[in-house]
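Trainee: Please pick one part of this model and take me through it closely. I'd like to see how its pieces sit around each other.

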Amino acid sequence: MTDSIDLPLLTGGCLCGRVRYTARGAPTFELNCHCRVCQKITGSGYTPVAAFAEDAVRVEGEIKYHERLGDSGRKVWEGFCAECGARLTGKAETMPGLLLLQAGSYDDPNRFKPTADIFTAS
């Protein structure tokens with residue numbers, strides 16, 4: 001068994017610096033989401049996102065969550081810095097135990113290695 005101290009550490013945070021996070025270990029997946037919601041939230045063509053086990057991520061600072069219904073009809077929560085409004089995290093009823101991190105909020109954006117693009121028809 002590998003000690004969690006030996007796993008890679010990813011760091012990131014919001015624009016104003018009031019929210020910081022660390023994620024330990026490899027992401028479950030990394031992808032670019034082209035759905036209309038991601039387009040509207042980012043003001044661009046897609047959102048680069050990575051999923052980590054929720055218990056592998058430590059967040060310091062206040063995240064405010066906006067709840068909405070996803071295309072599946074199940075709940076989705078978008079997490080933003082309560083001060084500057086930067087989108088940082090996401091959760092979905094369809095993916096229990098996972099926390100989504102916005103790759104644009106990584107301290108080192110070169111750590112993001114997407115393997116798929118989803119909802120490209122959007």
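**Around the cysteines**

Mentor: Let's start at Cys 16. If you skip the neighbours within four places in sequence, Cys 16 is in contact with Cys 81, Glu 83 and Cys 84. Before we go on, keep in mind that this is a predicted model. Cys 16 sits in the loop between strand E1 (9-13) and E2, and with 37% relative accessibility it counts as partly exposed. Now look along the chain: Cys 16 and Cys 84 are 68 residues apart in sequence, yet their C-alpha atoms are 6.0 Å apart in space.

With cysteines grouped like that, you'll want to know about bonds. How many disulfides does a search of the whole structure find? Zero. Take Cys 38: it is in no disulfide, and the nearest cysteine sulfur, that of Cys 33, is 3.7 Å away. Why is there no bond between Cys 84 and the cysteine closest to it? The closest sulfur belongs to Cys 81, and it is 3.7 Å from the sulfur of Cys 84, so the gap is too far for a bond. A disulfide here needs the two sulfur atoms within 2.5 Å.

Are Cys 38 and Cys 84 buried or partly exposed? Cys 38 is buried, at a relative accessible area of 6%, while Cys 84 is partly exposed at 31%.

Next, stay with Cys 38 and meet Thr 47. This threonine belongs to strand E4, and it is buried, with a relative accessible area of 1%. Its side chain reaches the backbone oxygen of Cys 38 at 3.4 Å. Leaving out residues up to four places away in sequence, Thr 47 touches Leu 31, Asn 32, Cys 33, Cys 38, Thr 42, Arg 87 and Gln 102. So both Cys 33 and Cys 38 are on the contact list of Thr 47, a residue that is itself buried at 1%.

One of those contacts, Thr 42, leads us on. The side chain of Ser 44 makes a polar contact with the side chain of Thr 42, at 3.0 Å. Ser 44 is in the loop between H1 and E4, and at 37% relative accessibility it counts as partly exposed.

There is a histidine to visit as well. His 34 is in the loop between strand E3 (29-33) and helix H1 (36-42). It is buried, at 15% relative accessible area. What does the side chain of His 34 make a polar contact with? One partner is the side chain of Asp 117, at 2.8 Å. The backbone oxygen of Gly 45 also lies 3.3 Å from a polar atom of the His 34 side chain.

Now swing back to the stretch around Cys 81 and Cys 84. Strand E7 covers residues 75-81, and five bridges join it to E8, with the two strands running antiparallel. As one example, Trp 77 has Lys 91 in E8 as its bridge partner. E7 and E8 form a hairpin with five residues between them, and Gly 85 in the turn has a positive phi of about 85 degrees.

Follow the chain into strand E8 (residues 87-92): five of its six residues are buried, so the strand is largely enclosed by the rest of the structure. E8 also pairs with E9, antiparallel again, over two bridges. Here Gly 90 has Leu 100 in E9 as its bridge partner. This hairpin too has five residues between the strands, and Gly 97 takes a positive phi near 85 degrees.

What about the nonpolar side of things? The largest nonpolar core has 11 residues in all, including Leu 99, Leu 101, Tyr 21, Phe 52 and Val 57. Strands E2 (20-24), E4 (47-53) and E9 (98-102) each give it two or more residues. Apart from it lies another core of eight residues, among them Leu 31, Val 49, Ala 51 and Leu 100. You've already met two of those: Leu 31 as a contact of Thr 47, and Leu 100 as the bridge partner of Gly 90.

If you want to picture the split in E9, remember that in a regular strand the side chains alternate between the two faces of the sheet. In this model, Leu 99 and Leu 101 belong to the 11-residue core, whereas Leu 100 belongs to the core of eight.

Conventions:
Residues numbered from 1 in each chain as written. Predicted model: local features only at pLDDT ≥ 70, side-chain atom pairs only at ≥ 80, totals over all residues. Heavy atoms only, no water. Core = buried A, V, L, I, M, F, W, Y, C linked by side-chain atoms within 4.5 Å. Buried < 20%, exposed > 50% of the residue type's maximum accessible area, 1.4 Å probe, protein only. Helix = DSSP H or I, 4+ residues; strand = E, 2+ residues; numbered from the N terminus. Polar contact = N/O pair within 3.5 Å; in protein donor to acceptor, adjacent residues only side chain to side chain. Contact = heavy atoms within 4.5 Å. Pairing = 2+ DSSP bridges.
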